[in-house]
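Here is a friendly walk through a protein model for someone meeting it fresh. Keep the picture open as you read.

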Amino acid sequence: MGFLSKVLFVLLCIYAAWKFFGGPSSQAGAGPASAAQISALAATVNAEDVVMYSTPECGYCVQAKSWLTQNGFAFTDCNMRAERRCYDEFKSYGADGTPYLVVNHHGKTHHMKDGFDSEEFLAALMP
């Protein structure tokens, strides 16, 4: 990872932390506002509940995986370079960009079509 990529990754992490813990989305009723609440939500998620379609060269996929892992979320990484099945499923959804996530939780399915957004992800997990 080059210097600029590292700087951008750190800035993204700072922004995500600000959004969760200090930004407008942390207001009452806007979803999880603390690390404890995010951790509690993560404990309800199984690897089969979240499928991320990715490729090894996708920097945004690396960032999304890092966020999920750091916050304790189980997920299935469906590497389209390693498994043809993953590529076929990805295309069957009409997807054209990675990461592409399919979240199945509490009996509902949500497709994250525009890449990974932590707020959208957390909202998709809420009952």
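## Trp67 and its aromatic partner

Let's start with Trp67, which is buried because its relative accessible area is 11%, below the 20% cut-off for that label. Bear in mind that this is a predicted model. There are 10 aromatic pairs in total. In one of them Trp67 teams up with Phe116, with the ring centres 5.5 Å apart and 50° between the planes, a tilted arrangement. What parts of the chain does this pair link? Distant ones: Trp67 sits in helix 3, while Phe116 belongs to the loop between strand 4 and helix 5, 49 residues apart.

Phe116 is partly exposed, at 21% relative accessible area, whereas Trp67 is buried.

## A cluster of rings

Now look at Tyr93 and Tyr100. Their ring centres are 5.8 Å apart, and the planes meet at 15°, so this pair counts as stacked. Why does that angle earn the word "stacked"? Because planes under 30 degrees apart are given that label, and 15° fits.

Is each of these two tyrosines buried or partly exposed? Tyr100 is buried, with a relative accessible area of 2%, and Tyr93 is partly exposed at 35%. Both also belong to a cluster: ring pairs link Tyr53, Phe90, Tyr93 and Tyr100.

## The sheet and its helices

Next comes the sheet. It is an open one with 4 strands in the order 2-1-3-4, and the pairing is mixed. Strand 2 (76–79) and strand 4 (108–112) are the edge strands, each with a pairing on one side only. On average, neighbouring strands here are turned by 15° against each other, ignoring direction.

Strand 3 and strand 4 run antiparallel and are joined by 5 bridges. If you want to find a spot along that seam, try Val102, whose bridge partner in strand 4 is His111.

Two helices lie across these strands. Helix 3 (residues 59–70) lies across strand 1 (50–54), strand 2 and strand 3, and runs at about 155° to strand 1. Helix 5 (residues 118–125) lies across strand 1, strand 3 and strand 4, running at about 170° to strand 4.

## Two residues in the strands

His105 is part of strand 3 (residues 100–105). With a relative accessible area of 6%, His105 is buried. Which residues does His105 touch, leaving out those up to four places away in sequence? The answer is Thr44, Val45, Asp49 and Leu125. With Thr44 there is also a polar contact, side chain to side chain, at 3.3 Å.

Thr76 lies in strand 2 and is partly exposed, with 30% relative accessible area. Setting aside neighbours within four places in sequence, Thr76 is in contact with Ala47, Glu48, Val50, Val51 and Met52. Take Ala47: its backbone oxygen lies 2.8 Å from a polar atom of the Thr76 side chain. As for Lys65, the C-alpha atoms of Thr76 and Lys65 are 9.9 Å apart, and the two residues are 11 apart in sequence.

## The disulfides

A disulfide is a covalent bond between the sulfur atoms of two cysteines. How many disulfides does this structure hold? There are 2. Number the bonded cysteines in sequence order and the pairing reads 1-2, 3-4.

One disulfide joins Cys58 to Cys61, with 2.4 Å from S to S. Its link is right-handed, with 85° about the S-S bond, and both Cys58 and Cys61 are buried.

Another disulfide joins Cys78 to Cys86, with an S to S distance of 1.9 Å. This link is left-handed, with -90° about the S-S bond. Are these two cysteines buried or exposed? Cys78 counts as buried at 1% relative accessibility, and Cys86 is buried too, at 0%.

Note on methods:
Residues numbered from 1 in each chain as written. Predicted model: local features only at pLDDT ≥ 70, side-chain atom pairs only at ≥ 80, totals over all residues. Heavy atoms only, no water. Buried < 20%, exposed > 50% of the residue type's maximum accessible area, 1.4 Å probe, protein only. Polar contact = N/O pair within 3.5 Å; in protein donor to acceptor, adjacent residues only side chain to side chain. Contact = heavy atoms within 4.5 Å. Pairing = 2+ DSSP bridges. Axes fitted to C-alpha atoms, helices over the stretch in contact; angles between N-to-C directions. Disulfide = S-S within 2.5 Å. Phe/Tyr/Trp six-rings, centres within 6.5 Å; stacked < 30°, edge-to-face > 60°.
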